[in-house]
Amino acid sequence: MDSMDDGFDRSMGERIRALRNRHDLTLDELSQRSGVSRAMISRIERAEASPTAALLARLCEALGLSLSAFFADDEAAGSPLVRRADQKLWRDPHTGYLRRSVSPPGTPSRVDIVEVEFPPRARVSFPPREESRVMTQHVWLFEGALEMIIGETVHRLYPGDCLYMDIGDAFDFYNPSDKPARYAVILDRGR
């Protein structure tokens, strides 16, 4: 792991610990709420492990946050504009997918916009999350191919296609091609 990854893992671990403490949760309570083992949460908080996208989503959900809210700063934004160079990036250690938080942090908007670069043949699975039934998202494909699997239904997306979905259901993102897929996720937190 290089020093940039070390710093990011450390800040991610500190953020999870701070959010857990803000919610007055023990490691065991967060483990029970999220379905993530106490040992793994402890390792993430100590920057000894980097969570996958699915695991981080479960932790965020247990803390009452979307992934976008997790990556946003707690402080109020100084500007409604965020430059591309200042947008936060995160790479899933399991699949290698790159997630860019596009929305300016600290705004009162219920909408978060995320840009994703998804590697060839990569798959990310999200379990059903009852707590997320108030949230919806649009997946808008710019380049490549993407399959969205929701239950038994497979939606194959091509450039320009957009899929609307409830994120409380179990779903998979899958890139069936040999080329990266690039898409936006427009998330409405519904609160």
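A residue counts as buried when its relative accessible area is under 20%, and as exposed when that area is over 50%. This briefing on a predicted model applies those cut-offs to a helix and to several salt bridges. It also covers an open sheet of four strands.

**Helix α2**

- Helix α2 spans residues 27-34, and its buried residues are L27, L30, S31 and S34.
- These buried residues lie on the same side of α2, because the arc they cover around the axis is only 105°.
- Q32 and R33, on the other side of α2, are exposed.
- The residue that follows α2 is G35, which has a positive phi near 80°.

**The four-stranded sheet**

- The strands of the open sheet run in the order β4-β9-β6-β7, and their pairing is antiparallel.
- The edges are taken by β4 (123-126) and β7 (153-157); each has a single partner strand, so one side of each is left without a neighbour in the sheet.
- From one strand to the next, the twist averages 15°.
- Five bridges connect β6 (residues 146-150) with β7 in the antiparallel sense.
- I149 has V154, in β7, as its bridge partner.

**Salt bridges**

- Side chains of opposite charge can pair when their charged atoms come close.
- The model has twelve salt bridges.
- One of them joins the side chains of R38 and D28, at 3.0 Å from N to O.
- R38 belongs to helix α3 (residues 38-45) and D28 to helix α2, and the two are ten residues apart.
- R38 is partly exposed, with a relative accessible area of 43%, and D28 is partly exposed at 48%.
- Another salt bridge links E115 and R84, whose closest N and O atoms are 3.1 Å apart.
- E115 is in strand β3 (residues 111-118) and R84 is in the loop between α5 (67-71) and β1 (89-91), so this pair ties together parts that are 31 residues apart in sequence.
- E115 has a relative accessible area of 14%, which is under 20%, so E115 is buried.
- R84, at 49% relative accessibility, is partly exposed.
- R121 and D178 also meet through their side chains in a salt bridge, at 3.0 Å from N to O.
- Because R121 lies in the loop between β3 and β4, and D178 in the loop between β9 (171-174) and β10 (181-188), the pair ties together parts that are 57 residues apart in sequence.
- R121 is partly exposed, with a relative accessible area of 45%, whereas D178 is exposed at 62%.
- R84, R100, E115, E143 and R182 are joined into one network by salt bridges that share partners.

How values were computed:
Residues are numbered from 1 along each chain as its sequence is written. This is a predicted model: local features need pLDDT of at least 70, side-chain atom pairs count only at pLDDT 80 or more; totals for chains, interfaces and linings use all residues. Side-chain values use heavy atoms; hydrogens and water are left out. Two strands pair if DSSP finds at least two bridges between them. Axes are lines fitted to C-alpha atoms, for helices over the stretch in contact, and angles run from 0 to 180 degrees between N-to-C directions. Buried means under 20% relative accessible area, exposed over 50%, partly exposed in between (1.4 Å probe, protein chains only). The arc is that of the directions from the helix axis to the C-beta atoms. A salt bridge is a side-chain nitrogen of Lys or Arg within 4 Å of a carboxyl oxygen of Asp or Glu.
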